[in-house]
Amino acid sequence: MRLLERDHETTQLESALEAARQRHGRVVLVHGPAGIGKSSLVRVFADTAAERDATVGIGYCDDLRAPRAFAPFRDMARGWGPLGKALQRGADRAEVLDALLDELDDPLRPVVVVLEDLQWADEATLDALQVVGRRISDLPVALIATYRDDEVVGAHPLQRVLGGLGGTPIERIPLRPLSREAVGALADRPVADVEDLYATTGGNPFYVHAVLAAPETAVPPTVRDAVLARVFTLPETTQRALDMLAVMPSGAERSLIDELADGG
C-alpha cells in the first residue's frame, strides 16, 4: 500500500525501529484529527517491520462506557507468552506490568508496539504507557501511539501521562491534510479539476476516499456517520447550537450566532 505525502513520517518511524535494534527505544506519538491517516501510516510501517524480523504487537483502545483494563495489550498478548498468561489468569496490575516489561525485553529482536486511539485509553493502559515509557531508553522497543489530538485537551488523562514522560525519548508526528496535488492523484484528475473535492474534504484522506467511493452522493454515509458520532460527544449546548445553525445554507453574522447560541 502506497501512502501519499507520508515519506518523512515513514522515515521517522523507521528511525525509531533502528534505534530499538540498538536497545535505545523510543516512544513515537502519531497524532491528528479523525480520518487523517494515522492508522494507515502505522499499519504499513508495522507490516514492513514484521517483514524485517521485528516482533510486532498491535492493540486498540475502544470508546466504551466500561473500558477493558489493558485493552490494547489484551489484543496483542494473544500471541505472546508471559503477558498473555498474566492477563488470562487475572493477575493484579503490578504483575501484568512486570510481565509486559519482560515481554518487551527481547534479547534477539526489536519489538514494535502499536497502541491505537489512546484518547480512549483505560487507566491501566495509561499506567502501562507511563511504566514502559520511563524505561524505554534501555529497551529494544519502538512504542508507537496514535491519538486524536483535538480530543486530548485540558485535563484529559492522556495529557497528564504525556506530561510525566519529560525525560523519555519521544518523537511526535503530527499528520497534516493532503495537498491538492495528492487529492488529484487519488482522484486521478488534474489538480485544476479537484478544487471542489479539496474544498469539501479539506484534504482529509478518509473524506477524500469516501467521496470518491460514492460520487453520486452529496454526503457519503460513512462520512455522515463519522461526523454524527463526533457531534454526539460534544456538550449538549454545543449540539443545540449546531442544530440551529445547520439550517442556514451559508455563513451567519456573528451577532445572529450570539442571539441563537447560548454563550455565543
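Exposure and a surface patch

Colleague: Why does Leu260 count as partly exposed?

Modeller: The relative accessibility of Leu260 is 31%, and since buried means under 20% relative accessible area and exposed means over 50%, with partly exposed in between (1.4 Å probe, protein chains only), Leu260 therefore counts as partly exposed. This is a predicted model, in which local features need pLDDT of at least 70 and side-chain atom pairs count only at pLDDT 80 or more, while totals for chains, interfaces and linings use all residues. Residues are numbered from 1 along each chain as its sequence is written, and side-chain values use heavy atoms, with hydrogens and water left out.

Colleague: In which helix is the place of Leu260?

Modeller: Leu260 belongs to helix α13, residues 254-260, where a helix is a DSSP run (H or I) of at least four residues, numbered from the N terminus.

Colleague: What makes up the nonpolar patch on the surface?

Modeller: Leu260 joins Met244 and Leu256 in this patch, and together they have about 210 Å² of accessible area, by the Shrake-Rupley method with a 1.4 Å probe and only the protein chains shown as cover. Patch residues have over 30% relative accessible area and no salt bridge (Lys or Arg side-chain nitrogen within 4 Å of an Asp or Glu carboxyl oxygen), and nonpolar side chains (Val, Leu, Ile, Met, Phe, Trp, Tyr) are joined within 5 Å, like charges within 9 Å.

Colleague: Why is Ala94 called partly exposed?

Modeller: Ala94, which lies in helix α5 (residues 93-104), has a relative accessible area of 49%, so Ala94 is partly exposed. Its C-alpha atom is separated by 9.7 Å from that of Ala128, 34 residues apart along the chain.

Notes:
Helix = DSSP H or I, 4+ residues; strand = E, 2+ residues; numbered from the N terminus.
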